[in-house]
Amino acid sequence: MSDRQPLRLGYGTNGLTDLRLDDALGLLADLGYDGVGLTLDHMHLDPLAPDLAARTAHVARRLGELGLTATVETGARYVLDPYRKHGPSLLEADPEGRAARTRLLITAVRVAADLGAHAVHCFSGITPPGTDDDTAWQRLEEALVPVLDAAAAVGVPIAIEPEPGHLLATLADFHHLRTLLGSPSPLGLTLDIGHCQCLEPAPPAECVRAAAPWLRHVQIEDMRRGVHEHLPFGDGEIDFPPVLDALAATGYQGLTVVELPRHSHAGPELARSSIEFLRTTAAAATKGAPAP
């Protein structure tokens with residue numbers, strides 16, 4: 001990836017949970033977004049409710065009418081277990097728990113194929129207490145194999161996200177998983193720019209350049225070093241012009257999705273201010289001018 005590409009901007013529906021999905025998509029199109037990071041959840045294309053195929057077809061038509069593309073995200077907090085955030089994970093001691101998460105990811109792959117989405121996002125989960133690292137990595141590897149097979153069958157990549165506090169927390173962890181699995185072609189990377197600021201040893205722009213060959217999805221927000229809190233642009237510490245310049249230079253053509261999952265109360269206003277910030281900052285980065 002070496003041809004410079006304009007960024008294609010999206011906004012995550014996990015930051016618009018107070019809106020109906022049709023309304024959220026209309027808002028994003030009106031604001032000029034190129035696409036949406038669609039989190040499958042009880043309020044937005046519930047992956048476990050009846051008539052999923054028909055509901056997916058409706059969303060696909062809506063995306064087409066609005067000229068939006070999509071990434072399918074699977075970070076819903078309580079979609080599988082109403083008592084445990086993000087449970088069960090791919091690392092559960094209970095095999096049936098792991099299987100439930102694997103089934104959800106395979107469903108997400110099918111939904112993504114029907115939507116024409118460019119990737120399916122996922123994450124490893126937190127290592128359960130009393131589980132050694134070797135066992136956790138083995139569980140992750142085994143649980144992902146059927147998902148990767150499903151992804152290969154429909155041509156939609158899996159984009160796993162390094163998540164602070166999870167087994168797979170860093171770019172180095174992504175490469176460890178890739179090695180364990182034998183570098184399968186469907187396995188790619190979700191790079192969250194805020195997470196780079198939070199815990200990676202290199203600055204976010206360097207993380208982008210290092211991750212470029214495996215980038216299949218990008219999430220973006222502001223953040224502070226050592227604090228895993230997704231913040232609106234300008235409320236954290238990230239120097240964004242070098243980051244956006246590095247993204248454009250990679251030739252990455254997927255969506256760069258604003259990720260503000262705890263700000264749905266102000267979702268429409270933040271969607272507006274976020275795209276204004278990113279457009280202005282990207283233009284300034286291209287011209288070498290000061291950022292806003």
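## The enclosed cavity

In this predicted model, the largest cavity holds about 50 Å³ of space, and a search of the whole structure finds one cavity of 30 Å³ or more. The lining of the largest cavity is made up of Pro162, Ala169, Leu171, Thr190, Leu191, Asp192, His195, Cys196, Leu199 and Glu200.

Two secondary-structure elements, strand β6 (187-192) and helix α6 (193-199), each contribute at least two residues to the lining of this cavity. By residue class, the cavity lining consists of six nonpolar, two polar and two charged residues; the charged class is represented by Asp192 and Glu200, both of which appear among the lining residues.

## The largest pocket

The largest pocket contains about 740 Å³ of space, and 39 residues line it, with Gly75, Arg77, Lys85, His86 and Glu163 lying nearest its centre. Strand β9, which spans residues 227-231, gives the most to the lining of this pocket, supplying three residues.

Sorted by class, the lining of the largest pocket comprises 18 polar, 11 charged and 10 nonpolar residues. Of the residues named as nearest the centre of the largest pocket, Arg77, Lys85 and Glu163 belong to the charged class, whereas Gly75 and His86 are counted as polar.

## The second largest pocket

For the second largest pocket the computed volume is about 200 Å³, and its lining consists of 14 residues, of which Pro6, Leu7, Ala282, Ala283 and Thr286 are the closest to its centre. Two elements, helices α8 (240-250) and α9 (267-287), give two or more residues each to this lining, and α9 gives the most, with six residues.

The lining of the second largest pocket divides into nine nonpolar, three charged and two polar residues. Among the residues closest to the centre of this pocket, Pro6, Leu7, Ala282 and Ala283 fall in the nonpolar class, while Thr286 is polar.

## Aromatic pairs and a phenylalanine cluster

The count of aromatic pairs in the model comes to five. One of them joins Phe233 and Phe240 in an edge-to-face arrangement, with the ring centres 5.2 Å apart and an angle of 80° between the planes; the pair counts as edge-to-face because its planes are over 60 degrees apart. Phe233 has a relative accessibility of 14% and therefore counts as buried, the cut-off being under 20%, and Phe240 is likewise buried, because its relative accessible area is 3%.

Phe233 also forms a pair with Phe277, and this pair is stacked, with 4.9 Å from centre to centre and 5° between the planes. The stacked pair links distant parts of the chain, since Phe233 lies in the loop between β9 and α8 whereas Phe277 belongs to helix α9, 44 residues apart. Both partners of the stacked pair, Phe233 and Phe277, are buried, and ring pairs link Phe233, Phe240 and Phe277 into a cluster.

## Arg20 and its loop

Arg20 is located in the loop that runs between strand β1 (8-12) and helix α1 (21-31). With a relative accessibility of 64%, Arg20 counts as exposed, because the cut-off for that class is over 50%.

Along the chain, Arg20 and His44 are 24 residues apart, and in the model their C-alpha atoms are separated by 7.3 Å.

How values were computed
Residues numbered from 1 in each chain as written. Predicted model: local features only at pLDDT ≥ 70, side-chain atom pairs only at ≥ 80, totals over all residues. Heavy atoms only, no water. 1 Å grid on protein atoms, 1.4 Å probe; cavity = no way out; pocket = protein on both sides within 12 Å on 5 of 7 lines; lining within 4 Å. Points joined across faces, edges and corners; volume = space filled by probe spheres on them. Helix = DSSP H or I, 4+ residues; strand = E, 2+ residues; numbered from the N terminus. Phe/Tyr/Trp six-rings, centres within 6.5 Å; stacked < 30°, edge-to-face > 60°. Buried < 20%, exposed > 50% of the residue type's maximum accessible area, 1.4 Å probe, protein only.
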